[in-house]
Amino acid sequence: MPMPIPPLQVVDGLCAVLMRDHIDTDTVIPSRDIRSPTGEGLGARLFAPWRFAADGSEQPDFVLNQPPFRQATVLLAGQNFGCGSSREMAVWALAQFGFRCIVAGSFGGIFRQNAVRNGLLPVALPADALQALAARCQAAPTHLRIDLQACTVSLADDGSVAPVPFTFDADDRELLLTGMDAIDRTWRHRAAIEAFEAADRLRRPWAWPVAETPTPGSPASP
Amino acid sequence: MNAPAPATGARTLVDKLWQLHEIVTLGQGRSLLHIDRILLHERTGPALLAGLAAGGRTPRHPARVLGLMDHIVDTTPERSDRTMLAGGEAFITSFRERTRAAGIGLVDLDDPRQGIVHVVAPEQGLVLPGFTVVCPDSHTGTVGGIGAMAWGIGSTEGEHAVATQTLVRPRPAQLRVRFEGRLPPGVGAKDLVLRLIQRHGADGGREAAVEFAGSAVRSLGVEGRMTLCNMAVEFGAWTGIVAPDDTTLQWVAQRPLAPRGAAWDAAEAHWRGLASDDGAAFDTELVLPVDALVPQVTWGTSPAHGASIDGHVPDPAQARSAAERAAWERALAYMALQPGAPLAGTPIDAAFIGSCTNSRLSDLRSAAAVLRGRRVAPGVTARVVPGSMAVRAAAEAEGLHRVFIDAGFEWRTSGCSLCFFAGGDSFGAARRVISSTNRNFEGRQGPGVRTHLASPATVAASAVAGCLADPRPWLAA
């Protein structure tokens, strides 16, 4: 669904804090709120079980219902954010709401991959640094500046605190910084792919369906 | 977690499968991997195929991609494209149209093979040992139970897989989990994996490739091994896998699409070479003794919130950290349980047997062994949803449907059903459900629904007792 992703180097935005561990994608966007086969209308139902009461009214104490944080673009969360279902709709819901970056202790693997593929920056920080940032952001509305070029998180308005470094997969970083399409990049290896397939048909013939006819033009892609 | 490839010498099962599928080493610990099979379903498939078409791309090998209807289809015998879930029909019809346009095969709603993707694919031989398999679904690792290397992805990664028949992956860390000993009667694969997650946490797998091994795993049938691998994702692992052995090969040989004749002989020789070599190095190894294991049940809102059925609701004061304490308190409030209360005897409203975790024939047999000659307690709604229409037919051939129906269970057609609440079919709000599924997250089975995860035997015993119940006395009787 996400076509094409613009290059991303820095996210600078208001940070909402949701310091719970193991926030699962069923909570980010419940199955019952996925109404469109192509993923429209998800932002309005982001975190629906926590954001709305049973009668549909807003839960006033939920952070994203509080005035400054309705415009938050950075979310701070605990360990294993985005665990559970692979539904990419969770990333689409966060992005549609306006989030550009999730800073957490760790991520569910599929969620992190989905986030990268959609230009939503998933940044993992050590627990102590995360707690310190959360305390700061909870004390007063705070902007965080996440710099993917430098791989640092800093307080956007306050140079007195040293930027917190983070590590980021080099391959994912390249895709995000350049906005390059992952499929186009893989097709650079077209010759190797074709050679592998030819050899594999001989090595493991049972892995290739008999019904399959050669697919001329299938590498027509880029 | 990236790990360097061993240069020579003893290799693990995952090392071997990685090498067999590696097209190019990309640096930074990454490889471009060949993907043998791509499976799609109607919940996440339409967006994937729409994105593919929008990018002007087509499947590189359409015959190696297959669509199945499972996620939001109704499971009533008279079902049609129109679902109890409002708007569900759009997912079904759009998936049908888009698979057809892309030249991809579809196991449609009226196909006798229809069912849950992770049940149908191995059952039909669409997936074989040693294959790399992906699907935009987190429980794709289920087929690790036959020795395939399979993992869940998102829709955008799925576009990449369909367009190129490849994916870029970092080489995973490798974890071996050895379940050692003899499984006591009434204790099965579900209990093993719930115990593992309770012991080591919902992120204890740390995105590793987990090889399940040990004498207790060897003694499991292929279906039980699939239950183990199914919940590797609930353990935070990248995937789970069990090395193919005689048990696997005997099972695979009976699949409709298994290779035959000389092709089988070649495949078998290949498969027999896949087991981890003696002395192969794992980044971590965990050993869990199983001789004294008791049936497990969850009390909270994470698969890690497990306990023995003869145990008690834990006291948050005993939590290992402040964060865990807060999570336990929150979970107990949601579940309406008191610290220190015995788990057995907690009254339930509903019982569910189904899902990619526990809906295969052996699961239905183990539940039926408890139910034979007994009745579901008054006031308890009970349902069984076979994992595939083939499982349903096989169960009917041996009369299991009569056992379930006579006990007061609904006997349904196949689909994901009440593993999650999509907005249509439900047990009703805020009910307490004992469930053979994989996730007890807040609201997973519906708003306010309190889910207790357990094995099919424990679900059956609880349905009869009307409360969380230990299946072992029922099996002995």
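**Notebook: cores, rings and cysteines**

I started with Phe409(B) and, leaving aside its neighbours within four places in sequence, listed what it is in contact with: Ala351(B), Ile353(B), Leu371(B), Val376(B), Ala382(B), Arg383(B), Val384(B), Phe404(B) and Ala463(B). A reminder to myself: this is a predicted model.

**Entry on the cores**

Next I looked up which residues of the largest nonpolar core touch the most other members. That core has 90 residues, and the ones I was after are Phe47(A), Phe81(A), Leu94(A), Phe99(A), Phe404(B) and Phe409(B). My starting residue, Phe409(B), is on that list. Helix 3 of chain A, residues 89-97, gives this core its largest share, seven residues. Apart from this core I found another one, of 70 residues, including Leu48(B), Leu68(B), Ala102(B) and Ile146(B). I also noted a general point: in soluble globular proteins, nonpolar side chains tend to be buried together.

**Entry on the rings**

How many aromatic pairs does the structure hold over all chains? I found 17. I picked Trp264(B) and Trp271(B) to look at, and this pair is edge-to-face, with 5.4 Å centre to centre and 80° between the planes. Trp264(B) has 12% relative accessibility, so I wrote it down as buried. Trp271(B), at 1%, counts as buried too.

Then I turned to Phe404(B) and Trp411(B), whose ring centres are 5.8 Å apart. Why is this pair stacked? The planes are at 20°, and stacked covers angles under 30 degrees, so the pair fits. Both Phe404(B) and Trp411(B) are buried.

In chain A, I followed ring pairs that link Phe47(A), Trp50(A) and Phe62(A) into a cluster. Phe47(A) was already in my notes as a member of the largest nonpolar core.

**Entry on charges over rings**

I looked at two arginines here. Arg43(B) lies over the face of Phe91(B), 4.7 Å from the ring centre. For Arg255(B), over the face of Trp251(B), the distance to the ring centre is 3.8 Å.

**Entry on the cysteines**

How many disulfides are there over all chains? My search gave zero. Why is Cys137(A) not bonded to Cys15(A)? Cys15(A) holds the closest cysteine sulfur, but at 3.8 Å it is too far for a bond, because a disulfide needs the sulfur atoms within 2.5 Å. Cys137(A) is buried, with a relative accessible area of 2%.

Cys356(B) is in no disulfide either, and its nearest cysteine sulfur, in Cys419(B), is 6.0 Å away. Is Cys356(B) buried or exposed? With a relative accessible area of 8%, Cys356(B) is buried.

Terms used:
Residues numbered from 1 in each chain as written. Chains lettered and ligands numbered in written order. Heavy atoms only, no water. Core = buried A, V, L, I, M, F, W, Y, C linked by side-chain atoms within 4.5 Å. Buried < 20%, exposed > 50% of the residue type's maximum accessible area, 1.4 Å probe, protein only. Helix = DSSP H or I, 4+ residues; strand = E, 2+ residues; numbered from the N terminus. Contact = heavy atoms within 4.5 Å. Phe/Tyr/Trp six-rings, centres within 6.5 Å; stacked < 30°, edge-to-face > 60°. Lys NZ or Arg CZ within 6 Å of the ring centre and 35° of its normal.
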